[in-house]
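Here are a few short exercises to work through with the model open. Try each one yourself before reading the solution.

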Amino acid sequence: MAMQSPLVIFRGALCIALPCLVFSGCQEKPADPPQVPTASIAPVTRGDVSSTLTVAGAFQPYQEVELHAKVSGYIRRINVDIGDRVKNGQVIATLEVPELSAQVAGSKAEVRHSHSEIAQAESGVALAEANYAAVHAAYTRLSEAAKRRPGLVAEQELDDARARDLDAAAKIHVAQAALDATKEQLSVSQANQQRVQSLEDYSVVTAPFAGVVTMRYADVGSLIQAGTTSNTQAMPVVKVAQSDLLRLRMPVPEEDVPFIKVGGEVSIKLEATGKSLRGTIVRFTRELSTATRTMLVEVDVPNPDLSLSAGMTAQTTIVLQAQKNVLTVPAGAVLKGDGQDAVLLVDAADKVEKVPVILGIQGPDLVEITHGLSENQSVIVSGQRNYQTGELVRPQRSTIVLAKQGDEQ
């Protein structure tokens, strides 16, 4: 068989391929239609919205005091140690003050002496009154006899009787004054006895309220100085804290102070255990610290089982403002502008429209819309910079918003 030349083969292949090239050039493929971007949307709904502040708080005892002795002495007995629970009025320690015992005995003797002097003065008054009665009776008889028979009684005798009568009356006043003086002295003696007795009572140190002993400073035999003056470095006996009720203190920044009020809701999460509590604001200082520009706010937390300890920390969330049944959108839907906030609205034709809005309360998840939107409208909640006004989009309900709504329910 004769072999064909390479030129003939090339020509045949060219003839076969040429129609294909001509045909391909005559018909173009149709272009793919442009893809419509997906937009994550959420509806404008009515609901409850609140703005909150989250700050760290610390627990403090409701009351705490270092107990000092009011008199100097040696500790004879101490009945408590750290961690012990004490009741109001319970004896904490007893001091030994020998000189006070002598002073108490002396004050009692003074009172008894005053009572004796009063008895003696009362007897003096009675004697002066009896003497006056006898002298006055004698003078009265002489005076009547002189009136009935003039000249019967000498004038000198009558004058002497009158002088004795006046003297006897004056002695009554003197005796009564002496009695009053002894009664005043009794009052002085009794006051001194009460003072010394009170000092002796101060040798017993008692708990001023129910609480827990958090520190013990002295032992049996320790010399305790009287803690009655501020310039005396007197050592306390113990420190007692009321821990069945704790104060939770929180610093509130200056910009949030206007929203703090008594009765405001506070959510508390303990850092140590993760346990959650609820409370209300009981008091606040109404004064800002110049160093931190914050105001202290307190919540009272019952702690009857002492499961909480002073010094523990907690994460607190304070409700600053709250509204019910208002128009809301997710916080991510709002575009912050220099002078005007806005949202991207998806209209009935699935086109993007930029709508200015006026915001109300701004919570962590939801924002109140006071003007600009209506209920059931749809807004884009993420990636707003990827869309242009008038652009056609394919709306898709945001899964994040759905998850949050499920958690709220």
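**Exercise 1.** Find the loop that holds Arg-293, and work out what is unusual about the phi of this residue.

*Solution.* This is a predicted model. Start with the strands: Arg-293 sits in the loop between strand E11 (276–284) and strand E12 (294–302). Next, the backbone: most residues other than glycine have a negative phi. Arg-293 is not a glycine, yet its phi is positive, about 55°. Last, the surface: with a relative accessible area of 39%, Arg-293 is partly exposed.

**Exercise 2.** Do the phi check for Leu-306 and place this residue between its strands.

*Solution.* Leu-306 isn't a glycine either, and has a positive phi of about 60°. Its place is the loop between E12 and strand E13 (313–330). Its relative accessible area is 26%, so Leu-306 counts as partly exposed.

**Exercise 3.** Is Glu-368 buried or exposed, and which side chain of opposite charge is nearest?

*Solution.* Begin with strand E16 (residues 366–371), where Glu-368 is found. Glu-368 is buried. Now look for a partner: the nearest side chain of opposite charge is Arg-46, 7.9 Å away. A salt bridge needs the nitrogen and oxygen within 4 Å, and Glu-368 has none. Leaving aside residues up to four places away in sequence, its contacts include Val-49, Gln-323, Val-326 and Leu-327.

**Exercise 4.** How do helices H2 and H3 run relative to each other?

*Solution.* Take the axes of H2 (residues 98–148) and H3 (residues 155–201): they come within 7 Å and cross at roughly 165°. Angles over 145 degrees count as roughly antiparallel, so that is the label for H2 and H3. To finish, the handedness: their crossing is left-handed.

Note on methods
Residues numbered from 1 in each chain as written. Predicted model: local features only at pLDDT ≥ 70, side-chain atom pairs only at ≥ 80, totals over all residues. Heavy atoms only, no water. Helix = DSSP H or I, 4+ residues; strand = E, 2+ residues; numbered from the N terminus. Buried < 20%, exposed > 50% of the residue type's maximum accessible area, 1.4 Å probe, protein only. Lys, Arg positive; Asp, Glu negative; His and termini not counted. Contact = heavy atoms within 4.5 Å. Axes fitted to C-alpha atoms, helices over the stretch in contact; angles between N-to-C directions. Parallel < 35°, antiparallel > 145°, perpendicular 65-115°, else oblique. Left-handed = near helix turned anticlockwise from the far one by under 90°.
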